[in-house]
Structure formats: C-alpha cells, structure tokens
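Hi,

Here is the structure I promised to pass on. Have a look through it first, and my notes follow underneath.

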Amino acid sequence: MRPLFQTRLVNGTSGDPALYIDFEFRRRALLFDLGDITTLAPRHVLRLTDIFVSHAHMDHFIGFDRVLRLMLGRAKRLRLYGPPGFLDRVTHRVLGYTWNLVANYPVELVIEAAELESNGTVRRAAFRSRNRFERTELEPAAAREGVLLDEEDFRVRAVHLDHSIPCLGFALEEKAHLNVWKSRLDELGLPTGPWLNELKRLARRDAPDDTPMNIVWSDRDGEHREVRPLGMLRREILREVPGRTIAYVVDVAFHERNQRAITRLAHGADLFYVEAPFLNEASARAAATAHLTAGQAGRLARAAAVKRVIPFHFSPRHTGEEDRLEAQVQDAFADPVGTTVASPPVSYRGT
Ligand SMILES: [Zn+2]
C-alpha cells in the first residue's frame with residue numbers, strides 16, 4: 001500500500017527545526033516547526049495547509065515570512081498552531097508590514113492561528129488579506145486529549161512540555177487503514193463499487209452496528225438492491241491495518257514531568273524525531289538551557305518503545321561531532337541499563 005505521507009527534515013540534523021510532512025498524492029503538506037525554510041521549494045511551501053510551531057524562539061518560527069510571501073496574492077487558507085502566547089506572536093509578525101494594497105487583491109489569503117492553553121482550550125484568531133490582516137477573534141475550540149487537527153485518515157495531537165517557557169510536542173497519527181477482503185465480498189454475493197467507500201467512511205466514524213447499508217448495483221440480470229447492517233459488513237469484509245505514528249519533540253528540559261508527557265506522546269511511534277543538541281559530556285549546558293543531551297534523547301526513545309529514533313537539532317557547538325551525537329542517542333536507545341525515565345501513568349493508545 002502506498003504511504004499516506006513522507007517526512008523529511010528540511011535542514012537536516014543541524015539546521016533550524018522544520019519537519020516537512022508531504023501528502024504527495026493530495027498535493028498537501030504539514031510542517032512541524034517553522035525554522036528557516038529557504039531551501040524548501042516554492043511549490044512545496046504552497047502545499048502547506050497546517051503548520052505546528054513548538055514555541056516561538058526564533059529558530060522555530062523565522063520561516064513564517066517565506067510562507068506569507070509565497071502565499072500572498074493566492075486563494076489560500078493557512079492554519080498555524082502554537083503554545084500559549086502564540087496568537088500575540090503571530091499578530092506581531094503579521095502586523096510588522098504595511099498592508100494598504102492587499103484588500104484589493106482579487107483572491108483572499110486567510111491565516112487562522114490557534115494557541116493551545118494548558119486546560120485544553122484552543123484560542124483562535126483569523127487574519128484576512130481583504131481585511132488588511134487585522135486580527136479577528138474566532139470562537140474558542142476544545143482540544144480533546146490535545147487533538148488539534150482531526151481528519152478522516154489522520155490526526156495531530158499536541159502535548160504541553162516545559163522548555164523554561166511553554167513548548168508543544170506533536171504526534172501525527174495515521175488512522176487504521178481499512179482494506180476490503182475481496183474473497184469475502186464474493187462469498188457474500190456482494191459487488192464492489194462506491195458503496196465500499198461509504199462503508200469505510202461510516203466504519204471510521206464508528207457509526208452504530210445496526211446502521212443500514214443500501215447496496216445497489218446492476219448487471220445483465222437487471223438492478224439489484226440489498227440492505228445489510230454496517231456491523232456485519234465491517235466484521236466480514238473489512239480488515240484493519242494499523243496506521244503509522246510520528247512523534248516530534250524539541251527543546252525540552254529533562255525532568256520527570258516532561259519525561260512522562262513525552263513517553264506518553266511518543267509511545268510505540270514508528271518514527272520519533274527528537275532533539276539531541278548536546279553531547280552527554282555537555283549535560284550541564286543542556287540543563288542550563290532546558291535542552292536534552294543525546295543520551296537523554298535516546299533514553300526517552302527507549303522508554304517510549306518507539307520503533308526508530310531520529311535525532312536532530314544538533315547544536316552548532318558540536319559541529320563536526322554529528323556522528324558522536326548520533327551514536328550516543330542510539331547507544332542509550334539500545335541499552336536497557338540506566339533507563340530510569342518516568343513512564344506514563346496511563347496510555348490512550350490502542351483505544
Ligand atoms: Zn527554544
């Protein structure tokens with residue numbers, strides 16, 4: 001089955017954080033963090049619909065101007081998400097320019113910004129080019145279990161972390177794929193057709209088992225019509241294949257509260273993108289700046305039982321030592337000795 005999305009670090013392991021998540025076949029993309037994205041081609045920037053910003057330190061948010069510049073004059077709707085205080089950061093960035101002409105553009109660019117409060121409330125505001133990007137407050141929303149974006153086949157979840165300032169970690173969770181078991185379909189004497197898409201749609205929404213499914217088709221014997229309950233069809237002809245999960249954590253202190261939140265967020269992830277700015281011997285520097293060492297990043301990956309850990313956001317002070325940073329992460333990930341990371345109290349996975 002072709003993957004729903006591909007991921008890549010725009011600036012590799014050492015540049016500004018920006019994880020590009022490409023839904024190639026839909027000409028759509030997401031971004032985790034908005035550092036310098038000069039190397040991202042315009043056509044890739046224009047695919048962005050949703051950008052998740054961990055916090056507004058410059059190396060995580062300086063790419064905003066490039067996005068704005070490329071999207072201006074186009075009919076676009078861009079959503080930005082960030083931690084408490086983020087709406088004001090976006091407001092200042094947008095209003096840093098003079099906008100006397102954009103109201104006359106034939107098409108409209110709309111930026112919607114959202115900030116996730118610690119109580120799960122999502123405060124929202126819109127900035128419309130037709131309105132000279134003046135800030136308009138929108139109705140607040142609620143993020144259940146930190147879910148900021150929930151679509152038919154994936155969701156993005158955020159968790160509050162501490163970097164001496166509020167910071168968000170993110171997980172992109174692909175929902176289970178539903179495959180049709182063709183031989184069972186034949187045994188039941190049912191045809192293929194668009195009704196299977198409706199069946200999958202209802203199954204994903206967890207519609208009640210007794211929901212009637214109307215199946216209509218015609219062949220040389222004429223038109224046929226059958227009504228079968230959703231629950232039976234789901235059991236008999238759909239097979240669930242678990243989706244992939246990607247977790248993304250940058251700029252965090254290594255204390256117990258963060259450890260619990262991170263291991264819970266990343267639990268069982270297929271790919272775990274985690275900052276590893278400092279070598280183990282620079283642990284004092286890491287602690288003083290509320291960052292992880294490479295070994296701490298590897299221990300978190302191990303505690304979260306991820307399948308693969310991808311360290312990045314290496315500090316410029318370790319230029320030329322990238323291999324050692326990588327090795328320290330992978331050693332801690334592989335080595336059970338010394339893994340004393342707090343584990344999460346409960347898990348919402350598998351539910
Ligand atoms: Zn930072």
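To start you off: does H57 count as buried, partly exposed or exposed? H57 counts as partly exposed, because its relative accessibility is 36% (buried means under 20% relative accessible area, exposed over 50%, partly exposed in between, with a 1.4 Å probe and protein chains only).

Before the rest, a word on where this comes from. It's a predicted model, in which local features need pLDDT of at least 70, side-chain atom pairs count only at pLDDT 80 or more, and totals for chains, interfaces and linings use all residues. Residues are numbered from 1 along each chain as its sequence is written, and side-chain values use heavy atoms, with hydrogens and water left out.

**The whole chain**

The protein chain has 351 residues, 48% of them buried. You'll find eleven helices and 18 strands in it (DSSP runs numbered from the N terminus: helices are H or I with at least four residues, strands E with at least two). Its C-alpha atoms fill a box of roughly 75 × 65 × 35 Å along the principal axes.

**The zinc site**

H57 is one of the protein donors of the zinc ion; the full set is H55 (NE2), H57 (ND1), H163 (NE2) and D251 (OD), at 2.2 to 2.4 Å from the ion. Donors here are N, O and S atoms within 2.8 Å of the metal (3.2 Å for Na, K and Ca), and water is not among the atoms, so sites may look incomplete. Along the chain, the donors follow the spacing H-x1-H-x105-H-x87-D. H57 sits in the loop between β4 (48–52) and α2 (58–61), while D251 is 194 residues away in the loop between β16 (245–249) and α8 (256–266). Unlike H57, which is partly exposed, D251 is buried, with a relative accessible area of 2%.

**A residue in α8**

I262 belongs to helix α8 and is buried, at 1% relative accessible area. Setting aside neighbours within four places in sequence, I262 is in contact with L161, V249, V252, F272 and L300 (contact means heavy atoms within 4.5 Å). I262 and A304 are 42 residues apart in sequence, and their C-alpha atoms are 7.7 Å apart in space.

**Something to look at next**

How far apart are the donor-bearing residues H57 and D251 along the chain? They are 194 residues apart, so the pair links distant parts of the chain.

Enjoy exploring!
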